Amino acid sequence: MIAPDMDTTPAPPATAGDFHAHARHLRALAYRMLGSRADAEDVVQDAWLRWQATDHASVLHARAFLSQVVTRLCLDRLQSARARREHYVGTWLPEPLVNEELDPGPEAATEFAQDVSMAFMLALERLSPLERAAFLLHDVFDLDFDEVADRLGRSAAACRQLASRARAHVRAGYARCEVKQEDSQRLLLAFTQALAVGDVDGLARTLAADAVFVADGGGLVSAVPRPLMGAALIAKAMVGFRKLYDLSRMTMEPAVVNGLPGWVQHDIDGTPLSAASIRMGADGLIAAIHVVRNPQKLAHLRRG
């Protein structure tokens with residue numbers, strides 16, 4: 001027996017305008033799948049072309065249909081992306097999101113920051129393409145396993161196993177830490193002030209003893225070839241880096257980078273030089289600094 005307040009009205013057929021209504025969700029999914037803003041945009045554009053060629057009257061749930069298209073396009077790209085990253089020079093970091101929102105739903109800002117942070121995106125790199133898709137669709141985008149199965153063309157039981165394995169891998173490489181935004185901002189201010197005057201001891205006091213510094217130059221610009229570990233080493237290295245550049249030709253502006261407090265540096269001619277974020281740990285100190293210097297990943301930040 002159907003409850004009297006249950007809505008039994010069939011979903012209206014999809015229309016051409018439905019694509020734009022779901023475009024933000026599709027970009028959010030594609031970015032988390034691929035770790036590249038540019039590749040995510042390409043996938044969404046490919047999905048748009050396929051949507052234009054689709055008989056919309058045959059699609060009852062546009063969001064589900066489009067998510068399936070984007071997921072499968074991303075799976076195709078992930079295979080070649082993994083091969084390219086095996087030959088990547090230095091440490092790979094995702095293309096930064098600067099002052100952008102790729103929020104998959106009405107989640108809190110702190111939760112959103114966890115799900116696009118550099119550390120979280122690096123943890124996703126441990127996963128196979130199918131594990132990554134199953135985990136993101138279920139754990140981040142809140143789809144049940146029957147829906148995940150539709151997206152991936154697998155059984156619900158298989159998708160549950162994929163997500164479970166992925167969850168274990170992610171937890172092994174990434175610990176969530178809920179931090180108030182104002183606390184992170186205060187810590188970032190103390191960090192940048194110490195860096196600006198070359199105060200090694202002051203800089204070290206903002207860092208956790210086991211802090212990590214990761215930089216991505218892609219072999220195109222200078223960057224540390226492997227992560228630096230420890231507050232003292234990172235502080236000395238960053239003050240040393242600072243002395244190598246003519247700061248009068250640069251601007252350093254606060255920004256939200258992959259959902260976390262950070263900064264963006266530009267040359268005086270508007271060329272982006274770096275985008276960085278800090279992740280605060282449970283002890284109230286900086287647990288990780290991620291700096292993207294690869295100019296190919298910063299092209300979208302150019303001024304003028």
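This section describes the overall make-up of a predicted model, then one helix, two internal spaces and two single residues.

The protein chain has 304 residues, of which 49% count as buried. Its secondary structure comes to 12 helices and 6 strands. Among contacts between residues at least 6 apart in sequence, 67% join residues at least 24 apart.

Helix α3 covers residues 62–85, a run of 24 residues. At 1.5 Å a residue this helix should span 34 Å, and the distance between its end C-alpha atoms is 33 Å, so the two values agree. The helix nevertheless has a kink of about 25 degrees, centred on Leu78. Leu78 is also one of the buried residues of α3. Others in that group are Ala62, Leu66, Ser67, Val69, Val70, Thr71, Leu73, Cys74, Leu75, Ala81 and Arg85. The buried residues of α3 are covered by elements that include two helices earlier in the chain, α1 (18–34) and α2 (37–52). The cover also includes α6 (129–140) and α7 (145–152).

Leu78 and Arg85 appear again in the lining of the largest cavity, together with Arg82. The remainder of this lining consists of Leu124, Glu125, Leu127, Ser128, Pro129 and Arg132. The largest cavity holds about 30 Å³ of space, and the count of cavities of 30 Å³ or more comes to 1. Helices α3 and α6 each supply at least two residues of the lining, and α3 gives the most, with 3 residues. By class, 4 of the lining residues are nonpolar, 1 is polar and 4 are charged.

The largest pocket has a volume of about 710 Å³. Its lining is made up of 28 residues, and those closest to the centre of the pocket are Leu195, Met252, Trp263, Gln265 and Ser274. Both helices and strands take part in this lining: α9 (181–196) and α11 (231–242) each supply at least two residues, as do β1 (207–216), β3 (250–257), β4 (260–267) and β5 (272–280). Sorted by class, the pocket lining has 18 nonpolar, 7 polar and 3 charged residues.

Two single residues illustrate burial in a loop and in a helix. Thr91 lies in the loop between α3 and α4 (109–116). The relative accessible area of Thr91 is 17%; this is under 20%, so Thr91 counts as buried. When residues up to four places away in sequence are not counted, Thr91 touches Val214, Ala215 and Asp216, and also Pro225, Arg226 and Pro227.

Leu162 is placed in helix α8, which runs over residues 156–173. With a relative accessible area of 9%, Leu162 falls under the cut-off of 20% and is therefore buried. Apart from neighbours within four places in sequence, Leu162 is in contact with Leu130, Glu131 and Ala134. Leu162 and Pro129 are 33 residues apart in sequence, and their C-alpha atoms are 10.0 Å apart in space. Pro129 is also among the residues that line the largest cavity.

Methods:
Residues are numbered from 1 along each chain as its sequence is written. This is a predicted model: local features need pLDDT of at least 70, side-chain atom pairs count only at pLDDT 80 or more; totals for chains, interfaces and linings use all residues. Side-chain values use heavy atoms; hydrogens and water are left out. Helices (H or I, at least four residues) and strands (E, at least two) are DSSP runs, numbered from the N terminus. The expected span of a helix is 1.5 Å times one less than its number of residues. The bend at a residue is the angle between axes fitted to the seven residues ending there and the seven starting there. Buried means under 20% relative accessible area, exposed over 50%, partly exposed in between (1.4 Å probe, protein chains only). Contact means heavy atoms within 4.5 Å. On a 1 Å grid over the protein atoms alone, a cavity is a set of points where a 1.4 Å probe fits but cannot get out, and a pocket is an open set with protein on both sides within 12 Å along at least five of seven lines; lining residues have an atom within 4 Å of a point. Grid points are joined across faces, edges and corners, and a volume is the space filled by probe spheres set on the points. Ala, Val, Leu, Ile, Met, Phe, Trp, Tyr, Cys and Pro count as nonpolar, Asp, Glu, Lys and Arg as charged, and the others, Gly among them, as polar.
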